[in-house]
Amino acid sequence: MLSEQFKQALPILKKIEEAGFQAYFVGGAVRDLIIGREVNDVDIATSALPQEVKGIFPKTVDVGIEHGTILVIHNGEGYEITTFRTEKGYEDFRRPSEVSFVRNLEEDLQRRDFTINAIAMNANGEFVDPFNGLEDIEQKVIRTVGSADERFQEDALRMMRAIRFQSQLGFTMDKTCREGLENNAALLEHIAIERKLQEFEKLLLGEYVSIYWADFLSLKLSDYLPGIKRNRELLKLFHTFRLSHLTITERWTLLFYCLKIDDPSTLLKQWKASNKRIKDCRLLLQVFYQRLQRDWTDYDLYNVELPTILSIEKLMNSIGNSYFSKKDIEERIDTLAIKNGDLLAVTGKDLQAWANKKGGPWIKECLELIEKEILSRNLPNEKDAIEKWVMNEWLHRSNNN
Ligand SMILES: Nc1ccn([C@@H]2O[C@H](COP(=O)(O)OP(=O)(O)OP(=O)(O)O)[C@@H](O)[C@H]2O)c(=O)n1
């Protein structure tokens with residue numbers, strides 16, 4: 001059964017064929033269709049040269065014309081169409097550094113990394129499978145197309161892809177792939193860290209990661225990944241802990257916990273992770289360490305965002321500690337005198353007017369004290385009462401300090 005993505009892209013294949021060229025679905029989408037996994041982007045390979053592709057379709061974008069890739073816009077969706085090519089090495093994220101166009105599908109399939117990724121499918125749903133990828137999918141084997149040494153020397157990231165496919169698909173590398181990986185592991189040192197990060201995160205998120213994690217850590221490959229280096233502490237991550245349903249930030253957080261890291265910024269900067277990833281991991285790890293020491297206080301439940309609290313409870317569950325369910329947490333929040341900051345009856349501006357003072361750090365301190373007084377039910381969340389408290393208690397206290 002063709003999934004929606006393929007059906008929508010079929011007219012593109014047909015149009016290229018009508019113009020007298022060959023066109024096939026290729027790469028990960030074909031692999032995932034055969035396996036029955038969710039298909040993301042469908043990639044198309046063609047015998048037409050980039051200029052010829054541009055002549056066929058009214059709306060195109062030159063996303064990587066020098067590497068043979070044109071983006072065709074069809075019904076509001078973008079499809080990457082790449083001329084059959086051979087390639088050498090990768091200069092950045094996705095683009096090969098040297099390509100030559102060929103008019104023959106088999107040559108194009110031959111330059112691909114693994115047999116499971118070297119299957120093409122035409123518009124009638126027929127497969128072209130010169131390297132027995134279909135059988136390898138059946139046998140759940142990851143095998144390089146031809147020599148493993150050659151494939152890994154062309155692009156060392158492929159070694160990480162092999163590990164990532166083990167983790168994502170539950171397939172196992174064959175002997176020559178594994179040997180190639182051991183022989184060439186050092187080449188990974190020269191690969192852009194951004195590319196390694198992408199693969200590492202896919203590995204961490206893989207459905208079968210717990211089965212292949214120890215294997216990955218035992219390989220020399222892990223020496224070329226910041227902070228990982230065949231670290232025995234990390235074995236715990238997928239052996240002792242239950243990680244299904246955890247997001248990437250939650251998985252990273254447990255990884256830092258295993259490594260006893262307090263501030264993950266240094267390591268994540270070595271990985272060149274995004275600022276968002278660094279910020280999210282820092283927050284989660286900090287709150288997680290605090291939660292390991294003690295239960296949530298009313299002030300925590302009020303102050304920490306609900307998704308963060310729920311993430312932390314998932315982590316507590318993962319490491320086998322007692323934890324609160326979403327329902328437990330929501331019930332506790334429901335009993336609070338005030339549920340979140342938006343509901344506070346006063347603002348910083350009110351405080352400034354009452355105290356007749358310029359803004360400054362004192363506003364944050366005072367608001368926090370007001371919140372704590374309200375949460376411990378010493379003060380109602382009402383503007384008049386709070387004004388009185390500020391004038392009588394707080395100003396008096398702060399003038400005496
Ligand atoms: N280093 C690489 C990267 C990609 N490919 C080939 O290009 C295809 C598309 O690559 P990409 O989209 O990066 O990965 P997918 O295999 O599609 O996997 P996923 O979409 O799950 O990342 C792959 O299937 C493979 O045939 C390759 O041979 N060597």
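Q: Which helix gives the most to the lining of the second largest pocket?
A: In this predicted model, helix 14 does, with 4 residues. Helix 14 (275–293), helix 15 (298–303) and helix 16 (306–318) are the elements that each give two or more residues to that lining.

Q: What makes a residue such as Leu283 part of the lining of the second largest pocket?
A: A lining residue has an atom within 4 Å of a pocket point, and Leu283 is on the list, therefore it meets that limit. The list also includes Gln286, Tyr299, Asn303 and Thr308.

Q: How much space lies in the second largest pocket?
A: About 260 Å³.

Q: Why is Tyr299 in that lining called nonpolar?
A: Tyr is in the nonpolar class here, so Tyr299 counts there. By class, the lining has 5 nonpolar, 4 polar and 3 charged residues.

Q: What makes Arg31 and Asp113 part of the shell around the ligand?
A: Such a residue has a heavy atom within 4 Å of the ligand, so both qualify. They are among the closest of the 14 residues that surround the ligand, together with Asp155, Arg158 and Lys202.

Q: Why is the pair between Arg31 and the ligand called a polar contact?
A: The limit is 3.5 Å between N or O atoms, and an oxygen atom of the ligand is 3.0 Å from an N or O atom in the Arg31 side chain, so the pair passes. Arg112 has such a side-chain atom 3.1 Å from a ligand oxygen, and a polar side-chain atom of Arg164 also lies 3.1 Å from a ligand oxygen.

Q: How much of the ligand's accessible area does the protein cover?
A: The protein covers 83% of the 560 Å² that the ligand has on its own.

Q: What makes up the shell around the ligand, by class and by domain?
A: There are 9 charged, 3 polar and 2 nonpolar residues. Domain 1 (1–130) and domain 2 (140–225) each provide at least three residues. Helix 7 gives the most, with 4 residues.

Conventions: Residues numbered from 1 in each chain as written. Predicted model: local features only at pLDDT ≥ 70, side-chain atom pairs only at ≥ 80, totals over all residues. Heavy atoms only, no water. 1 Å grid on protein atoms, 1.4 Å probe; cavity = no way out; pocket = protein on both sides within 12 Å on 5 of 7 lines; lining within 4 Å. Points joined across faces, edges and corners; volume = space filled by probe spheres on them. Polar contact = N/O pair within 3.5 Å; in protein donor to acceptor, adjacent residues only side chain to side chain. Areas by Shrake-Rupley, 256 points an atom, 1.4 Å probe, with all protein chains shown as cover. Domains from an automatic or database assignment.
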